[in-house]
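Colleague: I should like to go through this model with you, one question at a time. May we begin with the terms?

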Amino acid sequence: MVYSSQELAAHLFHLEQQLLQPSTRRDEVALRSLLAEDFREFGSSGLIYTRQQVISALAGESPQTVTISDPLCHQLAEDIALLTYRSTRTIALKVGSDALRSSLWVYRDGRWQMIFHQGTPI
C-alpha cells in the first residue's frame, strides 16, 4: 500500500496508540499482529525483551493511560519507518512518568509491524 508522508504518520501513530490501549495490551492475538516475530525492546531497566516476553508481561500489567505528544515520523525506506514521541503514563489518576520513545516499524506480509521499541525515562 502506498501512503503519503502524512497518511503514513497517521496510520503508524494509530497503530502505536492501539498498542498503548489496555484492551490491546491484554490481547495476545492483537499483540502478535502488531509486533513482528523478531521484535525487540530495550527497556528502561536496561534489559532486552523479546516479543513473547513483552506479550507475557503485558498480560499481567495494571491498567494505565498513556498519552502521546510531540509525534514525529521519519520514513527511512519504502518499508521502514521510525516513530518518535513523548509519552506520559497515568496510573489510578496519578501522573506517573514521562519518557521519550522510539519505535521502528516494518511493512511485511501486507501490514505494518513494530520490530523495535525503546523508551527512555525523562
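Modeller: On a 1 Å grid over the protein atoms alone, a cavity is a set of points where a 1.4 Å probe fits but cannot get out, whereas a pocket is an open set with protein on both sides within 12 Å along at least five of seven lines; lining residues have an atom within 4 Å of a point. Points are joined across faces, edges and corners, and a volume is the space filled by probe spheres set on them. The model is predicted, with local features requiring pLDDT of at least 70 and side-chain atom pairs counted only at pLDDT 80 or more, while totals for chains, interfaces and linings use all residues. Residues are numbered from 1 along each chain as its sequence is written, and side-chain values use heavy atoms, leaving out hydrogens and water.

Colleague: How much space lies in the largest cavity?

Modeller: The search covered the whole structure and found 1 cavity of 30 Å³ or more. Its lining consists of Pro22, Arg25, Arg26, Leu58, Glu61, Ser62, Pro63 and Gln64. The space in this largest cavity is about 40 Å³.

Colleague: Which element of the protein chain has the lowest mean pLDDT?

Modeller: pLDDT is the predictor's confidence in each residue, on a scale from 0 to 100. The protein chain has a mean of 92, with 95% of its residues at 70 or more. Elements are DSSP runs numbered from the N terminus, helices (H or I) having at least four residues and strands (E) at least two. The highest mean, 98, belongs to strand E1 (residues 35-42), and the lowest, 89, to strand E5 (residues 94-108).

Colleague: Which element gives the largest share of the largest nonpolar core?

Modeller: A nonpolar core is a set of buried Ala, Val, Leu, Ile, Met, Phe, Trp, Tyr and Cys residues joined through side-chain atoms within 4.5 Å. The largest has 18 residues, and those touching the most other members are Leu12, Leu15, Leu19, Leu35, Trp105, Trp112 and Met114. Two or more residues each come from helix H1 (5-20), helix H3 (28-34), E1, helix H4 (51-59), strand E4 (80-91) and strand E6 (111-121). The largest share, 5 residues, is that of H1.

Colleague: Which residues are in contact with leucine 19, leaving aside its neighbours within four places in sequence?

Modeller: Contact means heavy atoms within 4.5 Å. Leucine 19 is one of the core members that touch the most others. Beyond four places in sequence, the contacts of leucine 19 are Thr24, Arg25, Leu31, Leu34, Leu35, Trp105 and Met114.

Colleague: Which element gives the most residues to the lining of the largest pocket?

Modeller: This pocket holds about 690 Å³ of space. Its lining has 32 residues, and nearest its centre lie Arg25, Glu41, Glu61, Arg101 and His117. H1, E1, H4, E4, E5 and E6 each give two or more residues to that lining. The most, 5 residues, come from E6.

Colleague: Is aspartate 109 buried or exposed?

Modeller: Aspartate 109 lies in the loop between E5 and E6, and has a positive phi of about 50° although it is not a glycine. Buried means under 20% relative accessible area, exposed over 50%, and partly exposed in between, with a 1.4 Å probe and protein chains only. At 72% relative accessibility, aspartate 109 is therefore exposed.

Colleague: What is the relative accessible area of aspartate 70?

Modeller: Aspartate 70 belongs to strand E3 (residues 65-77). Its phi is near 55°, a positive value in a residue other than glycine. Aspartate 70 counts as exposed because its relative accessible area is 54%.

Colleague: Which residues does threonine 84 touch, not counting those up to four places away in sequence?

Modeller: Threonine 84 is in strand E4 and is partly exposed, with a relative accessible area of 22%. Its C-alpha lies 18 Å from that of alanine 36, the two being 48 residues apart in sequence. The residues that threonine 84 touches are Phe13, Asp70, Pro71, Leu72, Arg101 and Ser102.

Colleague: How far apart are the C-alpha atoms of isoleucine 91 and proline 63?

Modeller: Isoleucine 91 lies in strand E4 and is partly exposed at 39% relative accessibility. Pro63 and Gln64 are its contacts beyond four places in sequence. Although isoleucine 91 and proline 63 are 28 residues apart along the chain, their C-alpha atoms are separated by 6.9 Å.
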